[in-house]
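Student: Could we take a close look at one part of this structure together? I'd like to see how a single piece fits into its surroundings.

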Amino acid sequence: MSLATRLCLLFSKNLVTATRSLQFVQRNINLDKKPTHFLSYNDIIYPVQGFDEERRPAYVCHQKCNIRYTPKKMTYVAWLIRGMSVDEAIKQLSFVLKKGGAIVKEAILEAQAMAVEHHNVEFKSNLWVAESFTSKAYTIKGKRKHKGALFGEVRYTYCHYFVRLEEGEPPKDYYKTNHKSSSELLEDWKEQMRRRKIPNSL
Amino acid sequence: MNCVLLNKLNNFLINVHLSRLRHTKHWNPKFKKQRQEKFFKPDVIKRKHNVNGLSEDILHTKMKERGIYPSKPWQESAIYISCTGDVFEPYIPPEGDGKFSSLSTIGAKQNAEYLMKKTKSYQAVMTIKKFEEAFDVIDFANESLDIYIKGHEILARKQKSKLKGFVTEKLFPELFYNLENKTIIWKFIKSLEPARVVHSRCTNLLTDDNIFAQITVRLHTEQILAVYDRFGRLMHGSEILKKNVLEYIVFEKHLSNEYGQWRLHSKIIPSWMPLGQCITKTFVTN
């Protein structure tokens, strides 16, 4: 039995009473509830560094919660800026003509301000997007009237967006594609050629 | 010809506004409202709501929605005053203290002034002795140094609950301002000069027998301070550099309270003192 027919059975008695009962309040959903784990990384205090140790890069985590936007659409925006420097990410996001583009841009600008104000980052441009991802939040189910007494389901989806900015230059090969230079490729080919064997020969 | 075309294209690209054309609207505006009514979106109650700036009527309906009773206007709550909010009649340290010896003319002058101002402090000490019979000014100076050291050690370890025995409620937020996520290394090395009580005052709050006492102590010590940020990187000071510190610390006690303690209350920073070394930070201005 499809959902539409089930709903139809539910509300088939009288259309007037059906529409009245549909003006309901979904009390079990709390849109103020936020994920807590990701921001807890901001509370970690690292041990004191010695003089000879390499300077530990600062990082800051930030999140935007319960955004009225589907995680499916948000994923493309979130993954676009991974491994970019902050300035480059902001520049790219300015040209993303999606609702998600503006949200992600705002989140990054906020995270940048947080990094400078609270996490001892000296230069605001010296940051790169180390992590940028989205997750599913609540889905509120609404209804939509079709012809006669038929009803369909409408999904009002919400998502969370998470970003982590790290101090320093962005890595050259973020996606680890390992693009080899021409000389390296030549060396590989030579090695391959030398490893050849002619079967049943000397 | 090509050049003209390119120019035109350039002009077009400059003038074009980036926007997306979406044709999601129905062509006929006639049954717009009926079309809207086909959708039923459940209302989701926002539990935490920003109340600031809402009119009383809206607030009333919102509270009614959630089933919250209005707060009663005569709701009372008890207040306990455990410390004063300020330093009353603060001590004014002599200019250039710690730089001139008492044998020089300026030093001798300062000593003379110090003696002249003593009468009020003496009266205050007598008031303290009414509550604390065994109170002795010299003993207190030594005791204050202990409180000072213990308080700072606990502060460096950030043991908030323990610190309440050494620090008044007025000083507590001042100490913890901007201190979150930071590692502090503080060491007391030695006292360069014996601690000396320079000033004392008593005052009453609300009733005549509710008395608070404040004593200012001059501490000349040698200390080490280093502040590290969240990632263990040095922000301020040094762990290998000893510094001479001359401070005027105000200690306070609630005399009327049987279990009152002498606690750190404030630090006197004279107006003539030059500003201390700031945390080195650079910014790029737009």
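Student: To get my bearings, which pattern does chain B follow when read along the sequence? After that, please take me through helix 3 of chain A: which of its residues are buried?

Tutor: Happy to! Keep in mind that this is a predicted model. Read along the sequence, chain B goes α-α-β-α-α-α-α-α-α-β-β-β-β, which comes to eight helices and five strands. Of its 286 residues, 17% are buried. If you take the contacts in chain B with a separation of 6 or more, 63% of them come from residues 24 or more positions apart.

Now for the chain that holds your helix. Chain A has six helices and three strands, in the order α-α-β-α-α-α-β-β-α. Here 21% of the 202 residues count as buried. Among contacts between residues at least 6 apart in sequence, 74% in chain A join residues at least 24 apart.

Helix 3 of chain A covers residues 71–80, and its buried residues are A:Pro71, A:Met74, A:Val77 and A:Ala78. Viewed down the axis of helix 3 of chain A, these buried residues fall within an arc of 120°, so they line one face of the helix. A general rule helps here: an α-helix has 3.6 residues a turn, so residues three or four places apart point the same way. Try turning the model to see the face away from the buried side of helix 3 of chain A: there you will find A:Lys72 and A:Trp79, which are exposed.

What lies over the buried residues? The cover for helix 3 of chain A includes three elements of chain A: helix 5 (99–118), strand 2 (127–145) and strand 3 (151–167).

Let's stay with one of those neighbours, helix 5 of chain A. Helix 3 and helix 5 of chain A pack with their axes 9 Å apart, at an angle of about 50°. That angle makes helix 3 of chain A oblique to helix 5 of chain A, and the crossing of the two is right-handed. On the helix 3 side of chain A, the contact is made by A:Lys73, A:Met74, A:Val77 and A:Ala78, while helix 5 of chain A brings A:Gly100, A:Gly101 and A:Val104. Sorted by character, the residues of this contact between helix 3 and helix 5 of chain A are four nonpolar, two polar and one charged.

Now compare two of the lists: A:Met74, A:Val77 and A:Ala78 are among the buried residues of helix 3 of chain A, and they also take part in the contact with helix 5 of chain A.

Conventions:
Residues numbered from 1 in each chain as written. Chains lettered and ligands numbered in written order. Predicted model: local features only at pLDDT ≥ 70, side-chain atom pairs only at ≥ 80, totals over all residues. Helix = DSSP H or I, 4+ residues; strand = E, 2+ residues; numbered from the N terminus. Buried ≥ 20, exposed ≤ 12 C-beta atoms within 10 Å, placed from the backbone. Contact = placed C-beta atoms within 7 Å. Arc of directions from axis to C-beta. Axes fitted to C-alpha atoms, helices over the stretch in contact; angles between N-to-C directions. Parallel < 35°, antiparallel > 145°, perpendicular 65-115°, else oblique. Left-handed = near helix turned anticlockwise from the far one by under 90°. Nonpolar A, V, L, I, M, F, W, Y, C, P; charged D, E, K, R; others polar.
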